[in-house]
Amino acid sequence: DSNYPMEIVKEVGVPLLDQVIKDQENKSVRQNIFSELGMFCDDPFLLFNVEPSAEHHYLDWNTHWRNFRLMMKVTQTCKLPVVLSLHPLCRLKDYLFAEQEFGVIISRKNKIHELYPLCAGVLSFPCSTNVFAELFDKPLVIYDFQGLARVGSNRAAEFRLPNALIGDEDVI
């Protein structure tokens, strides 16, 4: 749309995934990640991408915590262990209660892109990292309190990903 000369555009991947992809077959790397989570190597788990709605200042803290607690209750219906991936803006100390209250595991050392290839599936808010689900062939369910992935949303093309199931506030 910008009339930028396409002949000088180079298509590339996501550089932060280069090492993650190389490490997928490295058992010691996988063992270290699972050990940090308190799990046995290659145990299946649900990866939960925590929405930083209050940290990003698009929801107040009361609404943020109400939504977070609701989603934690949803994860309790899952028969797999649940691993939380905190956004870099999220402070670990603010979320520690979830381990005791809901029985989830917070990943302290590994980021979402490092956990994606190891999980059995992902529960996420509309997020740029959701494209990793297709790359790593993981089932993705998007919880969408803001209606960003809703049909007709001006951001739907960005957040309605192929094969993802979407639960908006009417479903949640």
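The exercises below, each with a worked solution, concern a predicted model.

**Exercise 1. Place Val-82 in the fold and decide whether Val-82 is buried or exposed.**

Solution. Start with the secondary structure: Val-82 lies in strand β2, which covers residues 82-85. Next take the accessibility. The relative accessible area of Val-82 is 5%, and buried means under 20%, so Val-82 is buried. Then list the contacts beyond four places in sequence: Val-82 touches Leu-46, Phe-48, Thr-75, Val-104 and Ile-105. Finally, compare sequence and space for one pair: Val-82 and Lys-93 are 11 residues apart in sequence, and their C-alpha atoms are 18 Å apart.

**Exercise 2. Describe helix α3: its span, its start, its buried residues and what covers them.**

Solution. Helix α3 runs over residues 61-75 and has 15 residues. From first to last C-alpha the helix reaches 21 Å, close to the 21 Å expected at 1.5 Å a residue. At the start of α3, a side-chain oxygen of Asp-60 comes to within 3.0 Å of the backbone nitrogen of Asn-62. The buried residues of α3 are Thr-63, His-64, Asn-67, Phe-68, Met-71, Met-72 and Thr-75. Their cover includes the strands β1 (46-49), β2, β4 (121-124) and β5 (140-144), and the helices α4 (92-95) and α5 (97-102). For Thr-75, one contact is already known from Exercise 1: Val-82 touches Thr-75.

**Exercise 3. Find how many salt bridges the structure holds, and work through the pair Arg-30 and Asp-42.**

Solution. The structure holds five salt bridges. In one of them, Arg-30 pairs with Asp-42, and the closest N and O atoms are 2.9 Å apart. This pair links distant parts of the chain: Arg-30 is in helix α2 (residues 27-37), Asp-42 is in the loop between α2 and β1, and the two are 12 residues apart. Arg-30 has a relative accessible area of 14% and is therefore buried. Asp-42, at 41%, is partly exposed.

**Exercise 4. Give the N to O distance for Arg-108 and Glu-99 and classify the accessibility of both residues.**

Solution. The side chains of Arg-108 and Glu-99 meet in a salt bridge, at 2.8 Å from N to O. Arg-108 has 43% relative accessibility, so Arg-108 counts as partly exposed. Glu-99, with a relative accessible area of 22%, is also partly exposed.

**Exercise 5. Which residues make the nonpolar surface patch of about 430 Å²?**

Solution. The patch is made by Tyr-4, Met-6, Ile-8 and Val-9. Tyr-4 sits in the segment before α1 (18-23). Its relative accessibility is 51%, so Tyr-4 counts as exposed.

Notes
Residues are numbered from 1 along each chain as its sequence is written. This is a predicted model: local features need pLDDT of at least 70, side-chain atom pairs count only at pLDDT 80 or more; totals for chains, interfaces and linings use all residues. Side-chain values use heavy atoms; hydrogens and water are left out. Helices (H or I, at least four residues) and strands (E, at least two) are DSSP runs, numbered from the N terminus. Buried means under 20% relative accessible area, exposed over 50%, partly exposed in between (1.4 Å probe, protein chains only). Contact means heavy atoms within 4.5 Å. The expected span of a helix is 1.5 Å times one less than its number of residues. A polar contact is a pair of N or O atoms within 3.5 Å; within protein, one must be able to donate a hydrogen and the other to accept it, and residues adjacent in sequence count only if both atoms are side-chain atoms. Patches are made of residues with over 30% relative accessible area and no salt bridge: like charges are joined within 9 Å, nonpolar side chains (Val, Leu, Ile, Met, Phe, Trp, Tyr) within 5 Å. Accessible areas come from the Shrake-Rupley method with a 1.4 Å probe; for residues, only the protein chains shown count as cover. A salt bridge is a side-chain nitrogen of Lys or Arg within 4 Å of a carboxyl oxygen of Asp or Glu.
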